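Reader: Got a minute to walk me through this fold? Short answers are fine.

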Amino acid sequence: MLSDGLGIVESVGEGVKQLKIGDRVCPLFFQSWISGEPNKKRLSLSLGCELDGTMAEFMVLPEEGVAPAPGHLDDMEAASLPSAAVTAWRALVTEGCVSPGDKVLVQGTGGVSLFALQFAKMLGAFVIVTSSSDEKLARVRTMAADETINYRKVPEWGKRAREIAGGEGVDQIVEVGGQGTLPQSLRAVRAGGTISMIGVLSGGIMDVPLGPIVTRHVRLQGITVGNRDDFIKMTMAIAHHKLHPVIDRVFAFEDLHAALDYLSSGKHFGKICIKH
């Protein structure tokens with residue numbers, strides 16, 4: 001199981017030209033999506049699903065199934081990149097084309113959400129973050145979040161986000177909730193804006209009025225990680241800006257169940273790592 005990771009190249013097969021023994025590399029989530037747009041074949045082989053995942057001592061992967069880790073990151077930080085970071089990058093950069101001055105709303109403080117906050121600020125965007133925890137909202141403000149909303153205290157947070165954005169609404173939303181949060185996201189997004197549908201943590205059924213999506217020309221964009229080209233471009237930006245992922249806790253290889261229980265609790269802030 002599991003999809004993220006970082007490993008050291010121990011041996012290479014005949015014909016391998018871009019890697020050498022001792023290189024630090026990250027295995028890529030989609031082993032068959034190297035570049036281009038998604039299609040059935042490119043989305044057919046993912047680690048921890050159709051293929052054995054990264055919860056292992058050794059893995060055998062094709063040369064294009066891995067990519068170099070940024071040199072300034074430690075092993076745990078680099079291991080956090082292949083899924084959550086690429087998902088946020090794909091949503092905001094490859095698909096979203098966020099530019100300076102854009103208004104971005106990020107839901108929560110999990111791995112994807114904090115990477116989205118970091119990338120959006122790197123791109124010069126104005127970022128609003130939602131959470132049910134005032135403590136977590138205080139922490140994202142130290143990460144340069146421009147505005148925060150506690151959605152338990154402000155149930156109509158979509159209206160509040162629209163007000164913060166000057167009445168027109170936000171340009172981009174990183175949507176991780178799904179069924180329970182999409183109605184408020186539709187209130188928050190501007191006409192012509194984009195909602196990147198990444199997760200379904202609050203339910204997987206779409207039961208919102210479809211009229212506003214059509215009449216307000218809202219783009220509802222599904223995102224499932226990204227390709228190798230996304231990873232390479234993202235790590236170049238991470239290295240240039242000396243960005244560091246947010247690691248909440250590191251568990252021992254033998255403590256997988258404790259790590260999963262902690263993830264299920266929702267108490268984490270950023271990424272949870274397992275070290276062998």
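Author: Sure. One term up front: two strands pair if DSSP finds at least two bridges between them. And keep in mind that this is a predicted model.

Reader: Fine. How do E10 and E11 pair, and over how many bridges?

Author: Strand E10 (residues 247–252) and strand E11 (residues 271–275) are parallel, with five bridges. Phe251 has Ile274 in E11 as its bridge partner.

Reader: Which helix goes with E10 and E11, and what unit do they make?

Author: Helix H9 (residues 256–265). Together, E10, H9 and E11 form a right-handed β-α-β unit.

Reader: Now the six-stranded sheet. What's the strand order?

Author: E6-E5-E4-E7-E8-E9, an open sheet with parallel pairing. Strands E6 (147–150) and E9 (219–222) each have a single partner strand, so one side of each lacks a neighbour in the sheet. Neighbouring strands are turned by 20 degrees against each other on average, direction ignored.

Reader: How many bridges between E8 and E9?

Author: Four, in the parallel sense; E8 covers residues 189–197. Ser196 is bridged to Gln221 in E9.

Reader: Which strands does H4 lie across?

Author: E5 (126–131) and E6. Helix H4 (residues 134–142) runs at about 170 degrees to E6.

Reader: Switching to side chains. Phe231: buried or exposed?

Author: Buried. Its relative accessibility is 1%, and the cut-off for buried is under 20%. Phe231 sits in helix H8 (residues 228–241).

Reader: What does Phe231 contact?

Author: Beyond its neighbours within four places in sequence, Phe231 touches Cys26, Leu28, Ala67, Pro68, Leu81, Pro82 and Val86. The C-alpha atoms of Phe231 and Trp89 are 8.4 Å apart, with the two positions 142 residues apart in sequence.

Reader: And salt bridges? How many in the whole structure?

Author: The search finds 12. One of them joins Arg24 and Asp75, at 2.6 Å, N to O. Arg24 is in strand E2 (residues 24–27) and Asp75 in helix H1 (residues 75–79), 51 residues apart.

Reader: What about Asp230? Which residue does Asp230 bridge to?

Author: Arg90, with the closest N and O atoms 2.8 Å apart. Asp230 is in helix H8, Arg90 in helix H2 (residues 81–95), 140 residues away in sequence. Asp230 and Arg90 are both buried.

Reader: One more. Where do Lys121 and Asp146 sit?

Author: Lys121 is in helix H3 (residues 111–122), and Asp146 is in the loop between H4 and E6, so their salt bridge ties together parts 25 residues apart in sequence. Lys121 is partly exposed at 26% relative accessibility, and Asp146 is partly exposed at 31%.

How values were computed
Residues are numbered from 1 along each chain as its sequence is written. This is a predicted model: local features need pLDDT of at least 70, side-chain atom pairs count only at pLDDT 80 or more; totals for chains, interfaces and linings use all residues. Side-chain values use heavy atoms; hydrogens and water are left out. Helices (H or I, at least four residues) and strands (E, at least two) are DSSP runs, numbered from the N terminus. Axes are lines fitted to C-alpha atoms, for helices over the stretch in contact, and angles run from 0 to 180 degrees between N-to-C directions. Contact means heavy atoms within 4.5 Å. A crossover is right-handed if, with the strands pointing away from the viewer, the path from the first strand over the helix to the second runs clockwise. Buried means under 20% relative accessible area, exposed over 50%, partly exposed in between (1.4 Å probe, protein chains only). A salt bridge is a side-chain nitrogen of Lys or Arg within 4 Å of a carboxyl oxygen of Asp or Glu.
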